[in-house]
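You asked for some notes to read alongside the model, written for someone who has not met it before. The points below go through it one region at a time.

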Amino acid sequence: MDVENFEAYHRLYGGVADLSRIGAGFSARLNVIRLPRLVLHERRVEGVLSNRTWACVGRHGFDHITLHLLRSGDFVSGPPGAERRLQPGEVVVLDTSRPHVSRMTTRADLLSIQMARAHVAEAISDPAGIHGTVLPAAACGLLTDFLASLTRRSASLRPDPSAHVAAAAINLLSLGLRGLPASAEALPAEAGDALRRRRAEAFIATRLPDPNLDAHAVADGIGISRSVLYRVFGVDGGVRRFIQQRRLDELRRALLRPGETRRLGSLAYAHGFATESHCSRAFAAAFGLPPGQFRTELTRPDADEAIDREDSLIGLARALY
């Protein structure tokens with residue numbers, strides 16, 4: 001469908017990011033396809049800056065992985081301060097529990113898919129470690145061909161109760177990631193830092209409950225100097241801040257699970273915080289509410305209806321879980 005003006009586009013996508021107009025003009029045409037465990041967005045957009053800040057991250061309990069395939073045009077995307085200009089045929093991988101920026105100053109023709117983190121993690125051990133990864137066309141050709149075919153044939157697909165389509169997309173993403181160079185020494189400096197960061201994030205992910213986890217432990221654990229470690233996490237304000245944010249993300253995911261009944265103090269300690277008060281202050285600073293109030297808001301009987309009324313696309317994203 002054609003989106004008549006920026007205000008209409010903002011009503012569709014403004015719930016998940018701060019949107020603003022850029023460039024000489026605005027236009028948008030989109031087609032949204034919902035499948036089991038997967039939502040596909042076919043978009044031709046120009047004149048939009050999308051900025052998913054930490055405040056946006058805390059606004060809704062999104063926990064999915066988004067892939068953007070650039071078919072043609074100009075598209076810049078990635079973590080704030082580390083955005084990349086994609087070439088046609090490239091795919092950028094984004095984690096909605098982390099900040100990211102996308103710029104479509106002139107027209108960008110995009111295929112985007114959303115998949116729940118839990119489903120992606122069935123094939124990729126640490127989905128957070130691939131946030132901001134750009135897959136070159138040579139590494140993700142099968143994935144891009146699959147997405148193009150899925151877009152063309154979506155109307156004629158048979159019912160997919162076992163979510164085979166989503167599983168195929170995830171497996172092709174995993175295959176594309178394996179096609180990336182394995183050695184940082186063989187890469188340009190920028191790409192080498194991206195690989196070092198992925199290794200550091202994987203190390204951090206397995207040790208988040210340890211209250212003694214710090215920059216020294218991470219640097220020693222992956223065999224790099226602390227100065228290099230600080231450089232690759234500079235966009236996050238340093239390693240210490242990144243570790244704290246990951247702990248907060250994991251705590252928020254725990255609070256979102258319907259069966260999670262542990263006391264807040266127990267949850268704080270289980271996620272690496274030394275005290276419940278420190279955890280509560282940090283959580284409120286990141287997400288706008290202390291964890292106790294966040295849990296209370298989730299249990300309000302009208303919470304899901306209010307979110308779905310606010311934005312149908314938010315409802316689609318929440319239905320992935």
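**Notes on the sheets, the cavity and a helix pair**

1. Aspartate 2 has arginine 29, in β3, as its bridge partner. The model in which this pairing is found is a predicted one. The pairing belongs to the contact between β1 and β3, which run antiparallel and are joined over two bridges.

2. These strands are part of an open sheet of seven strands, whose order is β1-β3-β4-β11-β6-β9-β12 and whose pairing is antiparallel. At its edges stand β1 (2–3) and β12 (134–135), and because each has a single partner strand, one side of each is left without a neighbour in the sheet.

3. The pairing of β3 (residues 27–35) with β4 is also antiparallel, and it extends over nine bridges. Two of the partnerships can be followed by residue: alanine 28 is the bridge partner of valine 45 in β4, and asparagine 31 is that of glutamate 42 in β4. The hairpin formed by β3 and β4 has two residues between the strands, and in this hairpin arginine 37 takes a positive phi near 70 degrees.

4. Helices pack on this sheet as well. Helix α1 touches β1, β3 and β4, and its direction makes about 25 degrees with that of β3. Helix α4 (residues 141–153) lies across β3, β4, β6, β9 (91–95) and β11, and runs at about 90 degrees to β4.

5. A further open sheet has five strands in the order β2-β5-β10-β7-β8, again with antiparallel pairing. Here β2 (18–21) and β8 (84–85) are the edge strands, each with a single partner strand, so that one side of each is left without a neighbour in the sheet. Strand β7 (residues 76–78) and β8 run antiparallel and are joined by two bridges, with serine 77 standing opposite arginine 84 in β8. Helix α1, already met on the seven-stranded sheet, also lies across β2 and β5, where it runs at about 165 degrees to β2.

6. How many cavities of 30 Å³ or more does the structure hold? There is one, and its volume is about 390 Å³. The lining consists of 24 residues, and those that lie nearest the centre are Tyr13, Val16, Arg43, His68 and Gln114. The elements that give two or more residues to this lining are α1 (6–13), β4 (38–46), β5 (48–52), β6 (64–73), β10 (100–104), β11 (108–116) and α14 (312–318). By class, the lining residues divide into twelve nonpolar, ten polar and two charged.

7. The last point concerns two helices, and it may help to recall that two packed helices are described by the angle between their axes and the distance between the axes. The axes of α9 (residues 239–256) and α11 (residues 276–287) come within 10 Å and cross at roughly 90 degrees. Since angles of 65 to 115 degrees count as roughly perpendicular, α9 and α11 are therefore roughly perpendicular to each other. On the α9 side the contact involves Gln244, Gln245, Leu248, Asp249, Leu251, Arg252 and Leu255, which meet His278, Cys279, Ala282, Phe283, Ala286 and Phe287 in α11. Sorted by class, this contact of α9 with α11 has eight nonpolar, three polar and two charged residues.

Key: Residues numbered from 1 in each chain as written. Predicted model: local features only at pLDDT ≥ 70, side-chain atom pairs only at ≥ 80, totals over all residues. Heavy atoms only, no water. 1 Å grid on protein atoms, 1.4 Å probe; cavity = no way out; pocket = protein on both sides within 12 Å on 5 of 7 lines; lining within 4 Å. Points joined across faces, edges and corners; volume = space filled by probe spheres on them. Helix = DSSP H or I, 4+ residues; strand = E, 2+ residues; numbered from the N terminus. Nonpolar A, V, L, I, M, F, W, Y, C, P; charged D, E, K, R; others polar. Axes fitted to C-alpha atoms, helices over the stretch in contact; angles between N-to-C directions. Parallel < 35°, antiparallel > 145°, perpendicular 65-115°, else oblique. Contact = heavy atoms within 4.5 Å. Pairing = 2+ DSSP bridges.
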